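Student: I have a model open and would like to go through its side-chain contacts and its empty spaces with you. Can we start with whatever term I need to follow the burial values?

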Amino acid sequence: MILSVVTLCLCSSCTSTAPTTPSDEPSRTALVPSSKVTASASPLDGIHTRAIINELVAASGNAPITKVDITKSALSITAQIGGSPTVWTWKNGKIDSSATQSTQTASRPFDPDHFAVEKMPAILSKAADISGSHMNQNLQIVEYNQGTVLMTVSTKPESQTVFFRPDGSAINHIDFASCPGMAEALSDAVAGAKHVSQVSYQPDNAIMVDTPTTTPGIVMRRTRSANMPAWAVQRKGDASATFSPTLLNPCVIVRIMNLAAVKAGQKPSDMGWTISQDTKLGAPVLRVDIDGVTRMFSTDGADVTDKIK
């Protein structure tokens, strides 16, 4: 009898209950951010674009954004998370992060709210007019140069890439011999600078604007060519004498180009010139070469050659 009792106790001690999984443990699916945007929406429609971007930014934990990529069926953002770029994508009403990290090189973060994605239909229509194609349009927001972030529209098959400013306005081909063309070129090259040391024009090619930097003997040159957005690069230059770019009148400059062209027997767009502060007049002066002779004009268009000589 004693043996039986001992055996029973030993057998009872061998019995164990398997651990159970709590029924309220969150599933992996519950951790994936959900979207309130209907699955049938197109990110390129301009109606749902902002909402999708906001959802992706929230999904990334409001991380710094360095790129936005939009197609008819999907919208992705590249976010700097933990020092590495990670892609978050909305497609068919679902949000997920990509399995692979972005190969994008270092880019300055920007605020997507500063870009007029609500104007998407107008932007895409303008891009089609300029490039001659509307096939499989893709819009990106990404740094272009020296902290300048722009929108670009490309197509597949590949056609001309069209650039847009944050406000949705197109960066047009420049006719430097027209008032509107010269105005756009100067505005893009000046880029809001309060003081410039030199403005110059390379015939039928580009407007270049030099602005002071914090380093003596070094200027920042912004170049606006006929077909590309303005880009900036530091170079050696003298910025000891500056003037306000608000003194420049695009139509006056074009008028001087036309006048010089008539005297030289050339096209207005062939007349190169330079504007810099003149110490004798205490004002900016435009210098243009006409048949080997340099003529000088004030910013209001008056010939001041004799005054300076």
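Tutor: Buried means under 20% relative accessible area, exposed means over 50%, and partly exposed covers what lies in between. Please keep in mind that this is a predicted model. By that cut-off Glu184, at 16% relative accessibility, counts as buried.

Student: Okay, and which residue does Glu184 form a salt bridge with?

Tutor: Glu184 meets the side chain of Arg224 in a salt bridge, with 3.1 Å from N to O. The two residues come from distant parts of the chain, since Arg224 sits in strand S10 (residues 218-225) and Glu184 in helix H5 (residues 179-190), 40 residues apart. Arg224 is buried too, with a relative accessible area of 0%.

Student: What about Asp210, which residue does that one meet?

Tutor: Asp210 and Arg221 meet through their side chains in a salt bridge, at 2.7 Å from N to O. Here strand S9 (residues 206-212) supplies Asp210 and strand S10 supplies Arg221, and the two are 11 residues apart. Both Asp210 and Arg221 are buried. As for bridges with partners in common, Arg165, Glu184, Asp188 and Arg224 are joined into one network by salt bridges that share partners.

Student: How many salt bridges are there in the whole structure?

Tutor: The search of the whole structure finds 9 salt bridges. Another one of them pairs Glu118 with Arg50, where the closest N and O atoms are 2.9 Å apart. Glu118 belongs to the loop between strand S4 (94-97) and helix H4 (120-131), while Arg50 belongs to helix H3 (residues 49-59), so this pair ties together parts that are 68 residues apart in sequence.

Student: Are Glu118 and Arg50 buried or partly exposed?

Tutor: They fall into separate classes: Glu118 counts as partly exposed at 43% relative accessibility, whereas Arg50 is buried at 15%.

Student: You mentioned H3, so how many of its residues are buried?

Tutor: In H3, 8 of the 11 residues are buried, so the helix is largely enclosed by the rest of the structure. Those buried residues are Thr49, Arg50, Ile52, Ile53, Glu55, Leu56, Val57 and Ala59. They pack against strand S1 (65-70), strand S2 (74-81), strand S3 (84-91), S4 and H4. If you follow the chain past the helix, H3 is followed by Gly61, which has a positive phi, near 80°.

Student: Switching topic to cysteines, which ones form a disulfide?

Tutor: Cys179 is joined to Cys251 by a disulfide, with the sulfur atoms 2.3 Å apart, and the count for the model comes to 1 disulfide. Because Cys179 lies in helix H5 and Cys251 in helix H6 (residues 250-264), the pair ties together parts that are 72 residues apart in sequence.

Student: And how accessible is each cysteine, as a relative accessible area?

Tutor: Cys179 has a relative accessible area of 28% and is partly exposed. Cys251 is also classed as partly exposed, with a value of 39%.

Student: Back on S10, what does Ser225 touch?

Tutor: Leaving aside residues up to four places away in sequence, Ser225 touches Ile174, Phe176, Asn205, Ala206 and Trp231. Its place is in strand S10, and with a relative accessible area of 11% Ser225 is buried. The side chain of Ser225 also reaches the backbone nitrogen of Met228, at 3.2 Å.

Student: Now for the empty spaces, what lines the largest pocket?

Tutor: The lining of the largest pocket consists of Thr148, Leu150, Arg165, Pro166, Ile171, Ser187, Asp188, Ala191, Arg222, Arg224, Pro229 and Ala230. The elements that contribute two or more residues to that lining are strand S6 (148-154), H5 and S10. The space in this pocket is about 230 Å³. Among its lining residues are Arg165, Asp188 and Arg224, which you met earlier as members of the salt-bridge network.

Student: How many cavities of 30 Å³ or more are there, and what lines the largest?

Tutor: There is 1 cavity of 30 Å³ or more, and the largest cavity has a volume of about 40 Å³. The residues that line it are Asn249, Val252, Ile253, Ile256, Ile275, Leu286, Ser298 and Thr299. The largest share of that lining, 3 residues, comes from H6, the helix in which Cys251 of the disulfide lies.

Technical notes: Residues are numbered from 1 along each chain as its sequence is written. This is a predicted model: local features need pLDDT of at least 70, side-chain atom pairs count only at pLDDT 80 or more; totals for chains, interfaces and linings use all residues. Side-chain values use heavy atoms; hydrogens and water are left out. A salt bridge is a side-chain nitrogen of Lys or Arg within 4 Å of a carboxyl oxygen of Asp or Glu. Helices (H or I, at least four residues) and strands (E, at least two) are DSSP runs, numbered from the N terminus. Buried means under 20% relative accessible area, exposed over 50%, partly exposed in between (1.4 Å probe, protein chains only). A disulfide is a pair of cysteine sulfur atoms within 2.5 Å. A polar contact is a pair of N or O atoms within 3.5 Å; within protein, one must be able to donate a hydrogen and the other to accept it, and residues adjacent in sequence count only if both atoms are side-chain atoms. Contact means heavy atoms within 4.5 Å. On a 1 Å grid over the protein atoms alone, a cavity is a set of points where a 1.4 Å probe fits but cannot get out, and a pocket is an open set with protein on both sides within 12 Å along at least five of seven lines; lining residues have an atom within 4 Å of a point. Grid points are joined across faces, edges and corners, and a volume is the space filled by probe spheres set on the points.
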